[in-house]
Structures are given as C-alpha cells and as structure tokens.
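Q: Could you walk me through this model? I would like to learn how to read its sheet, its ligand site and its cavities.

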Amino acid sequence: MKKLSKVLTLATSKGGAGKSTLARNLAAHWTNIGMRVAIIDADPQGSIISRHNPEGPLKDLVVVAEPEESVFTLIEEYRPNFDYIIVDTGGFRNRTTIRALIATDLALIPLKPSADDVAGALETHNLINELNKTPERGGVPIKYRMILTMSQQGTIISKHVRSELEKLGYLLLKSEMYHRVAYPEAAISGLSPCITDPEGPAARDVANIVKELGESL
Ligand SMILES: Nc1ncnc2c1ncn2[C@@H]1O[C@H](COP(=O)(O)OP(=O)(O)OP(=O)(O)O)[C@@H](O)[C@H]1O
Ligand SMILES: [Mg+2]
C-alpha cells in the first residue's frame with residue numbers, strides 16, 4: 001500500500017528530554033498551516049492527551065492515546081488519512097516504543113546538553129541500529145536525527161555536546177529547541193507558542209526545526 005503520511009517518533013531513554021514538548025510543537029505548527037496531523041500519545045503518562053483541548057485552537061489536531069504494543073497497527077491504519085503522524089513515547093525503553101520505532105519513517109531523539117541526555121540519546125541510537133535488523137524493516141534503516149533541546153544560545157556546553165556528537169558521526173539537527181519559557185506556558189493549555197505567540201522566538205525556532213526536518217523526511 002502507498003504510504004501517504006510521514007511518521008515521526010520522538011524517542012529517548014532519558015526522561016524529561018523534551019519529547020512531548022517537541023511532539024506538541026511540531027504537531028501544532030503543521031496543523032496551523034493546514035496539514036492533517038495526528039499525535040499518537042504512546043506514553044502511559046499521557047502528557048499530551050491529558051492537556052489537549054479538542055474544542056480549542058488545535059481542534060483539527062487528532063490526539064489519540066495508544067500506550068500499548070498495538071501502536072504499530074494504529075500507525076498503519078492512520079497512514080492513508082494524515083500528512084503527519086507524530087508518536088510521543090515514554091522516557092524509557094519498552095515494547096511500545098520499540099513497535100513505534102519499527103513503524104516510523106524518522107526517529108527524533110531530543111537531548112538536553114547534559115551527560116545523562118547524551119547517554120540516553122546514544123542508547124536510543126543503538127536501539128535503532130538493532131531494530132534495523134528486524135524483518136519488518138525489510139532492510140530499510142530507520143532514519144534518525146538528534147536534536148538539542150532546552151539549550152541556551154551560544155553556551156559552551158551546547159557547543160561542546162554538538163561538536164562531540166558531530167565528531168563521532170551522529171546526525172544532529174542544526175536547529176535547536178532553545179530553552180524558552182513560552183513552551184511550558186503554552187503547554188499548560190495544551191498549546192504551542194505558534195498559537196500563543198506566533199511572531200515570537202519559540203515559534204520561529206520550531207519553524208526552523210520543521211524546515212530542516214523537511215530536508216530529511
Ligand atoms: N525548550 C524548552 N524550554 C523550556 N522548557 C522546556 C523546553 N522543552 C521542554 N521544557 C519543559 O521541560 C519539561 C520536560 O519536557 P517534556 O515533558 O517535553 O519532556 P519529555 O521527554 O516528554 O519527558 P518524559 O520523559 O517525562 O515524557 C517540561 O516541564 C517542559 O515544559
Ligand atoms: Mg513526555
């Protein structure tokens with residue numbers, strides 16, 4: 001069957017790295033420009049679905065909870081009906097995350113500029129390499145990109161983490177989801193700065209991330 005939508009899965013074994021924030025913001029950006037978008041909330045904590053308001057400004061965004069291994073089947077079911085399917089996973093390795101990664105076109109691995117987050121990102125990269133050998137992939141490797149989150153522009157630690165990962169050959173987006181209070185503020189009502197402050201710096205950062213993703217999807 002022709003695969004119509006692009007499937008992105010947010011994954012890292014490190015908790016609190018920015019998976020749900022990035023998932024919500026990518027979804028809001030694409031919904032806002034008229035794309036058909038679904039978020040599959042595959043985190044048992046349900047942090048996206050619990051805040052989503054189906055009657056609010058993101059009413060056209062479909063949000064569904066699927067914290068079980070049947071996430072793979074759901075992705076395939078949704079493919080013909082959406083431009084983008086975004087899967088938010090829990091901050092640990094489990095069968096649901098594995099099934100989502102196997103079905104995904106692009107794995108996005110967020111990491112804060114910290115040693116623990118780097119370790120989580122590398123562990124997730126190793127997991128992807130293992131999953132590339134599964135028969136379901138049919139020899140097609142899962143594309144992935146790492147992305148720095150909650151970074152402060154121009155700080156030494158961000159530059160250091162970036163240069164180390166790049167030196168080792170990992171694929172890291174040039175765009176970052178910088179630390180900005182606009183994200184948690186908008187998240188209180190399940191929204192994104194592209195709705196609450198469309199001309200602001202956070203909305204601009206997300207637009208840059210989307211543009212760069214477009215080149216890798
Ligand atoms: N770019 C950012 N700037 C400021 N705060 C942020 C940013 N990204 C995320 N946060 C905040 O950091 C916290 C963790 O982010 P988030 O919930 O997106 O991480 P997660 O990887 O989904 O966590 P979990 O592993 O628990 O699912 C949240 O309180 C969120 O609002
Ligand atoms: Mg989360």
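Q: How are the strands of the sheet ordered, and in which sense do they pair?
A: Strands of a sheet pair through backbone hydrogen bonds, in either a parallel or an antiparallel way. Here, in this predicted model, seven strands form an open sheet with parallel pairing, in the order β3-β2-β4-β1-β5-β6-β7. Strands are DSSP runs of E with at least two residues, helices are runs of H or I with at least four, and both are numbered from the N terminus; two strands pair if DSSP finds at least two bridges between them.

Q: Which strands stand at the edges?
A: β3 (62-65) and β7 do; each has a single partner strand, so one side of each is left without a neighbour in the sheet. β7 pairs with β6 (residues 143-151) in the parallel sense over two bridges, and Tyr178 in β7 is the bridge partner of Ser151.

Q: What do I need to know about numbering and cut-offs?
A: Residues are numbered from 1 along each chain as its sequence is written, while chains are lettered from A and ligands numbered from 1 in the order in which they are written. Local features need pLDDT of at least 70 and side-chain atom pairs count only at pLDDT 80 or more, whereas totals for chains, interfaces and linings use all residues; side-chain values use heavy atoms, with hydrogens and water left out.

Q: How many residues surround ligand 1?
A: A residue is near a molecule if one of its heavy atoms lies within 4 Å of it. For ligand 1 there are 16, and the closest are Gly16, Lys19, Ser20, Thr21 and Tyr178. α1 (19-32), β7 (177-178) and α6 (182-187) each supply at least two residues of this shell, with the largest share, three residues, coming from α1.

Q: Which polar contacts reach the ligand?
A: A polar contact is a pair of N or O atoms within 3.5 Å. Polar side-chain atoms of Lys19 and Ser20 each lie 2.8 Å from an oxygen atom of ligand 1, and a polar backbone atom of Gly18 is 3.0 Å from an oxygen atom of the ligand. Taken alone, ligand 1 exposes 630 Å², of which the protein buries 77% (Shrake-Rupley method, 1.4 Å probe).

Q: How many cavities does the structure hold?
A: A cavity is a set of points, on a 1 Å grid over the protein atoms alone, where a 1.4 Å probe fits but cannot get out; lining residues have an atom within 4 Å of a point. There are two of 30 Å³ or more, volume being the space filled by probe spheres set on the points. The largest has about 80 Å³, and its lining includes Ala11, Arg93 and Glu123. Helix α4 (residues 115-131) gives the largest share of that lining, three residues. The second largest holds about 30 Å³, with Arg24, Ile39 and Gly190 among its lining residues.

Notes: A polar contact is a pair of N or O atoms within 3.5 Å; within protein, one must be able to donate a hydrogen and the other to accept it, and residues adjacent in sequence count only if both atoms are side-chain atoms. On a 1 Å grid over the protein atoms alone, a cavity is a set of points where a 1.4 Å probe fits but cannot get out, and a pocket is an open set with protein on both sides within 12 Å along at least five of seven lines; lining residues have an atom within 4 Å of a point.
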